[in-house]
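Q: I have a structure open in front of me and would like to learn how to read it feature by feature. Could you walk me through it?

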Amino acid sequence: MADIIDADGYRPNVGIVLLNGAGQLFWARRVRRDGWQFPQGGMRSDETPLEAMYRELEEETGLEPQHVEVVAVTRGWLRYRLPNRYVRHHQRPICIGQKQVWFLLRLVGEEDALRLDANEKPEFDIWRWVDFWYPAANVVNFKREVYERALRHFAPVVEDLLSVQVGHQPRRAPDPGNGWAAA
């Protein structure tokens with residue numbers, strides 16, 4: 001299926017932040033590459049972001065809807081531009097980057113449900129749990145700002161989830177005017 005590219009040159013995409021019970025995030029290495037990232041993937045023309053997220057989740061991690069709980073979603077699109085060396089100038093329409101809706105999921109199933117070989121063409125070859133802010137500092141440079149924005153959006157939600165799990169009082173709800181805005 002051909003990629004969908006919007007009028008501005010961005011490919012609609014979903015990003016997935018998967019949280020375990022200890023507050024750590026799923027972090028995986030791309031097959032035959034040194035780059036590590038969160039699961040993500042393009043949306044099809046007939047999919048909602050939620051449908052695309054569940055499809056990508058299963059393709060890339062083997063997890064099915066019953067293994068996760070959707071905890072939060074970013075508002076609007078978060079965009080990043082591709083470095084010029086990755087832009088396929090010979091293809092039309094030209095894709096200059098991705099626009100993403102990010103989902104925060106909590107693993108509610110067993111960890112052994114994670115299977116990187118669930119798809120004919122696996123996208124990841126190894127994975128691990130990492131501390132919450134680790135991905136923002138360790139993802140490829142051109143994705144760093146989007147990762148930081150998604151994680152800043154999800155941080156209060158994760159803090160509340162973890163405080164409830166250990167019996168502390170939850171923080172007060174974040175002010176809707178907290179300065180976070182989708183691109």
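Q: Let's start with strand β7: how many of its residues are buried?

A: This is a predicted model, so please read everything that follows in that light. In β7, eleven of the eleven residues are buried, so the strand is largely enclosed by the rest of the structure.

Q: Which way do the side chains of β7 point?

A: The general idea first: in a regular strand the side chains alternate between the two faces of the sheet. In this case, G97, K99, V101, F103, L105 and L107 point one way from β7. Q98, Q100, W102, L104 and R106 point the other way, and the residues of both sets are buried.

Q: Which strands are joined to β7 by bridges, and in which sense do they run?

A: Let's take the partners in turn. β1 runs parallel to β7, and ten bridges join the two; there, V17 stands opposite L104. β5 runs antiparallel to β7, with five bridges between them, and V73 has F103 as its bridge partner. Strand β6, residues 78-81, also pairs with β7 in the antiparallel sense, over four bridges. There the bridge partner of L78 is Q100.

Q: K99 is a lysine in that enclosed strand. Which residue forms a salt bridge with K99?

A: To read a salt bridge, look at the nitrogen of a Lys or Arg side chain and a carboxyl oxygen of Asp or Glu, within 4 Å of each other. Here the partner of K99 is D6, and the closest N and O atoms are 3.0 Å apart. The pair links distant parts of the chain: D6 is in the segment before β1 and K99 in strand β7, 93 residues apart. Both D6 and K99 are buried.

Q: How many salt bridges are there in the whole structure?

A: A search finds nine. Another one is formed by R44 and E59, whose closest N and O atoms are 3.9 Å apart. R44 lies in the loop between β4 and α1 and E59 in helix α1, so this pair ties together parts that are 15 residues apart in sequence. With a relative accessibility of 35%, R44 counts as partly exposed.

Q: Which residues are joined with R44 into one network?

A: Start with R55 and E56, which form a salt bridge with the closest N and O atoms 2.8 Å apart. R55 is buried, at a relative accessible area of 15%, and E56 is buried too, at 5%. Through salt bridges that share partners, R44, E47, R55, E56 and E59 are joined into one network.

Q: How do I read helix α1 itself, and which of its residues are buried?

A: As a general guide, an α-helix has 3.6 residues a turn, so residues three or four places apart point the same way. Helix α1 covers residues 49-61, 13 residues in total, and reaches 17 Å from its first C-alpha to its last, close to the 18 Å expected. Its buried residues are A52, M53, R55, E56, L57, E60 and T61. Their cover includes β1, β2, β4, β5, β7 and β8. Just after the helix, G62 takes a positive phi of about 80 degrees.

Q: Which residue has a positive phi although it is not a glycine?

A: That is R32, with a phi of about 55 degrees. R32 is found in the loop between β2 and β3 and counts as exposed, at 77% relative accessibility. While you are checking the backbone, look at R92 and P93 as well: a cis peptide bond joins them, with omega about -10 degrees. P93 sits in the loop between β6 and β7.

Q: Which residues make a nonpolar patch on the surface?

A: L50, V70 and V73 make a patch of about 190 Å². V70 lies in strand β5, residues 68-73, and counts as partly exposed at 31% relative accessibility.

Q: To finish, what is the pattern of helices and strands along the chain?

A: The chain has three helices and eight strands, and reads β-β-β-β-α-β-β-β-β-α-α. Of its 183 residues, 46% count as buried. Among contacts between residues at least 6 apart in sequence, 71% join residues at least 24 apart. The accessible surface comes to about 10,100 Å², of which 48% belongs to carbon and sulfur atoms.

Technical notes. Residues are numbered from 1 along each chain as its sequence is written. This is a predicted model: local features need pLDDT of at least 70, side-chain atom pairs count only at pLDDT 80 or more; totals for chains, interfaces and linings use all residues. Side-chain values use heavy atoms; hydrogens and water are left out. Patches are made of residues with over 30% relative accessible area and no salt bridge: like charges are joined within 9 Å, nonpolar side chains (Val, Leu, Ile, Met, Phe, Trp, Tyr) within 5 Å. Accessible areas come from the Shrake-Rupley method with a 1.4 Å probe; for residues, only the protein chains shown count as cover. Buried means under 20% relative accessible area, exposed over 50%, partly exposed in between (1.4 Å probe, protein chains only). The expected span of a helix is 1.5 Å times one less than its number of residues. Contact means heavy atoms within 4.5 Å. Two strands pair if DSSP finds at least two bridges between them.
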